[in-house]
Amino acid sequence: MKYVALVYYQESIINAMTEQAWQDLNQECIAGVERMTAQGKYLAGQALQPIDTATTVRVRHGETLLTDGPFAETKEQLAGFYLLDAVDLNEALQLASRIAPARLGSIEVRPVRELPPKRE
Amino acid sequence: MATIEQLYQCYSRRVQATLIRLLGDFSLAEEASQEAFAAALQQWPATGEPDNPLAWLIRTGYRRGIDQLRRHGTARRNAHLIATSDAMTEAMVEPDERSIEDDQLRLLFTCCHPSLTMEARVALTLREMCGLTTEQVASALLTKPATLAQRIVRAKRKIRDAGIPYEVPERTQLPQRLPSVLQVIYLVFNEGYSRSDGEQVIDVNLIDEAIRLGRALADLLPHGEVFGLLALMLLHDARRDTRQTVSGELMTLEEQDRKRWDAERIRTGLAWLERALPLTPVSAYTLQASIAAVHAQAPSAETTDWARIVRLYEALYLQQPTPILALNRAVAVAIRDSPQAGLMLLDALSEHPQMHHYHLYHAAKAELYRRSGDRLAAVQAYQQALALASQYPERQFLTRRLAELNLPA
């Protein structure tokens, strides 16, 4: 089954980190991706720029509305995602628990929903 | 020939647990199992009960389930099941005792999966493991049947869609997963224990269900924690009938008529505790059971080994440094040493804001003031406790204590 692991943390915690700690965290993430790739568990993933680079898009009555930032002020911000291939939720949770930022914030694990086949 | 109720009672849980594994779906397994029992009711009067009724029911249920899938051509994701069923020899479905036992464990670990809410775990466990109806579970948990049904449907959907596996965790994962199962069993027990007040007339006894689950788990998974929890439940339950008067008033340990404690339950509880104690690390359940055992073995409140109880609370506090445990320890110290010694410890606890809203904190203080002869402080503390207590038997108890104190000396 495919699962997405969404990585959340408080950016303020990251901002307060020393440069060295931040670099170490990044290296740890790279090593994690390498490990999961070798196991055949890693399909895709990406870290994201901080939340202040975000723009929210809505289309209402045919009109496109753009606003700065995400919709709600949340305590933790989305920081990146992984697309994983795991046999079941237990394995997905185990993989997620080894994603480095799990120690700082939280990882939301969701099974993907396959869209129905295209209409003929 | 057994009646259908007896058959159902005897086999339904095991049939269900194995069918979930074979068919890979809770709801389908439930329908299939019901069809198997209906078929048995129809056929057995003529053919006689088969040699192995359990295997017969599982085989029949499995075939019905596969038929069901074929008929509805449901969900592409079941295609592999239908395909394998054609190739599957009778021998593969033929359930042996060992795999049926494993299925019980699989079901329990799935129902108690930590990715489900606690409420869902309790509801699922009672429904699937204990074989209670939705109505029975709802009434036992004081919930509306519709709410409970919703909760169960949602949980089953999550099990299916999120891919929660139907398996017993590996040995290395057990320390992480077993606590969740034990928590559910203990919660079921406490639900039953806290309201065995005679007010609620229901045909389900959650205490018995919890003890039955504990016993089953102890057989399947012989771990110290499991033995400890089972011992704890049995030793507490031995006092079931003496905790309250007929009119529903709470009786403290020292007021209870110890001759009416269930000697058989105590014996069984102590035997499980014996098995738990040598297994390390000693779990919190085992320590709590040890405390209950000290009480159970003491002929009276005065002859209770309070020094040992204090030591056990201290060991427990090292594992779980919560203010509630500190409160219990303070009460034990008060009895071992003096009410003043206990009050000093309780005063130190007042730095935890949650204690101020906890009725038992004030009740414990009141009790110690009463024993030390400080009537005024005792009355005040009882009043504070009464203002915070919500359960009827506890309110009754506090009211009685207040009335006793207000009597002119």
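In this predicted model, the loop between strand 2 (42-47) and strand 3 (55-60) of chain A holds A:Leu48. Because its relative accessibility is 40%, A:Leu48 counts as partly exposed. Together with A:Leu78 and A:Phe81, A:Leu48 forms a nonpolar patch on the surface, and the accessible area of the three together is about 220 Å².

The interior presents nonpolar cores. The largest nonpolar core comprises 110 residues, and those with the most contacts inside it are A:Tyr82, B:Leu19, B:Leu57, B:Leu126, B:Leu217 and B:Met233. Helix 10 (residues 174-194) of chain B supplies the largest share of this core, namely 10 residues. A second core, separate from the largest, has 26 residues, including B:Tyr361, B:Ala363, B:Val379 and B:Ala389.

| Core | Size | Residues named |
|---|---|---|
| Largest nonpolar core | 110 residues | most contacts inside: A:Tyr82, B:Leu19, B:Leu57, B:Leu126, B:Leu217, B:Met233 |
| Second, separate core | 26 residues | including B:Tyr361, B:Ala363, B:Val379, B:Ala389 |

For B:Leu57, when neighbours within four places in sequence are left aside, the residues in contact are B:Tyr11, B:Val15, B:Ala36, B:Phe37, B:Ala40 and B:Trp44.

Helix 3 (residues 89-97) of chain A has the buried residues A:Leu89, A:Asn90, A:Ala92, A:Leu95 and A:Ala96. Their cover includes elements of chain A, among them strand 1 (2-9), helix 2 (19-38), strand 5 (77-85) and strand 6 (106-111), together with helix 10 of chain B. At the start of helix 3 of chain A, the backbone nitrogen of A:Asn90 has a side-chain oxygen of A:Asp88 within 3.1 Å.

Terms used:
Residues are numbered from 1 along each chain as its sequence is written. Chains are lettered from A and ligands numbered from 1 in the order in which they are written. This is a predicted model: local features need pLDDT of at least 70, side-chain atom pairs count only at pLDDT 80 or more; totals for chains, interfaces and linings use all residues. Side-chain values use heavy atoms; hydrogens and water are left out. A nonpolar core is a set of buried Ala, Val, Leu, Ile, Met, Phe, Trp, Tyr and Cys residues joined through side-chain atoms within 4.5 Å. Buried means under 20% relative accessible area, exposed over 50%, partly exposed in between (1.4 Å probe, protein chains only). Helices (H or I, at least four residues) and strands (E, at least two) are DSSP runs, numbered from the N terminus. Contact means heavy atoms within 4.5 Å. A polar contact is a pair of N or O atoms within 3.5 Å; within protein, one must be able to donate a hydrogen and the other to accept it, and residues adjacent in sequence count only if both atoms are side-chain atoms. Patches are made of residues with over 30% relative accessible area and no salt bridge: like charges are joined within 9 Å, nonpolar side chains (Val, Leu, Ile, Met, Phe, Trp, Tyr) within 5 Å. Accessible areas come from the Shrake-Rupley method with a 1.4 Å probe; for residues, only the protein chains shown count as cover. A salt bridge is a side-chain nitrogen of Lys or Arg within 4 Å of a carboxyl oxygen of Asp or Glu.
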